[in-house]
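Student: I am new to this structure and would like a close look at just one part of it. Could you walk me through the charged side chains that pair up, and what lies around them?

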Amino acid sequence: MQDDRTKVMLAFKKGQFRYLVATDVAARGIDIDDISLVINFDVPETNETYVHRIGRTGRQGKCGLAITFITPGESEFADEIAEFTGVELLEKRFPSDDELIQARSAFDEKLQGQPELKEDKGTKLSQEILKIHINAGKKTKMRPADVVGTICSIEGITAEDIGVISIRDISTFVEILNNKGEMVLRELQSRTIKGRQRKVTRAVPR
């Protein structure tokens, strides 16, 4: 079940389909950029749930719209939400049949078009990372500070360009970020680490 949810979320995140219908449980942990519209089919049971739902759109200064279907008997819940969020909710009447018919053609036309696929940020990030291997580790008393100090002595490199450092008995693995891996790998061929020349190579993926 969890695997199915993950596959669906990944497909939605990549833009393989435009619309996602989800329960509150299924929607937990959705972290997707550029969601332009959230529709609440019913009024959330709590104010916090409402904020959680509509927080999926309009992120990071971008525009977004949240619509909630409310029956006449649920108006008090809308008032509670407005008071809780400090935002005035704009009330709109349900469109007439004629208005729905006019809008239907544009909606059907959009459905016929292919959604624009989005680049997977994780893939892009992995392309910007190069993991290197240093043939020294705990047995030679290698410390993260030794690695960071040497790498940061390279012109154009800062601590922000260094990712995870893993020191093992006779090996040290370092992630170099921001597409600077090749430069670091090249420079470390002629630099000493902890007072000695070390063999530095690309880490072999496992």
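Tutor: Here is a walk through one group of paired charges, followed by a look at the core that shares a helix with them. Please keep in mind that this is a predicted model.

A search of the whole structure turns up eight salt bridges. In general, side chains of opposite charge can pair when their charged atoms come close. Let's start with Asp 146, which sits in helix H7. Its side chain meets that of Arg 143 in a salt bridge, with N to O at 3.0 Å. Asp 146 also forms a salt bridge with Lys 194, and there the closest N and O atoms are 3.4 Å apart. Lys 194 belongs to the loop between strand S6 (192–193) and strand S7 (196–197), so this pair ties together parts that are 48 residues apart in sequence. Put together, Arg 143, Asp 146 and Lys 194 are linked in a network of salt bridges.

How covered are these three residues? Asp 146 has a relative accessible area of 13%, and it counts as buried because that is under 20%. Arg 143 is partly exposed, at 47%. Lys 194 is partly exposed too, with a relative accessible area of 34%.

Another pair worth finding is Glu 187 with Arg 191: they form a salt bridge whose closest N and O atoms are 3.5 Å apart. Glu 187 has 26% relative accessibility, which makes it partly exposed. For Arg 191 the value is 25%, again partly exposed.

Now look at the nonpolar side chains. In soluble globular proteins, such side chains tend to be buried together. The largest nonpolar core here has 18 residues, and those touching the most other members are Ile 132, Ile 134, Ile 151, Val 174, Val 184, Leu 188 and Val 200. Helix H7 (144–152) supplies at least two residues of this core, as do strand S3 (130–134), strand S4 (162–167), strand S5 (172–176) and helix H8 (181–187). Strand S3 gives the most, with three residues.

So helix H7 is a good place to rest your eye, because Asp 146 lies in it and it also supplies at least two residues of the core. From there you can trace the salt bridge from Asp 146 to Lys 194, and then the one from Asp 146 to Arg 143.

Definitions and conventions. Residues numbered from 1 in each chain as written. Predicted model: local features only at pLDDT ≥ 70, side-chain atom pairs only at ≥ 80, totals over all residues. Heavy atoms only, no water. Core = buried A, V, L, I, M, F, W, Y, C linked by side-chain atoms within 4.5 Å. Buried < 20%, exposed > 50% of the residue type's maximum accessible area, 1.4 Å probe, protein only. Helix = DSSP H or I, 4+ residues; strand = E, 2+ residues; numbered from the N terminus. Salt bridge = Lys/Arg side-chain N within 4 Å of Asp/Glu carboxyl O.
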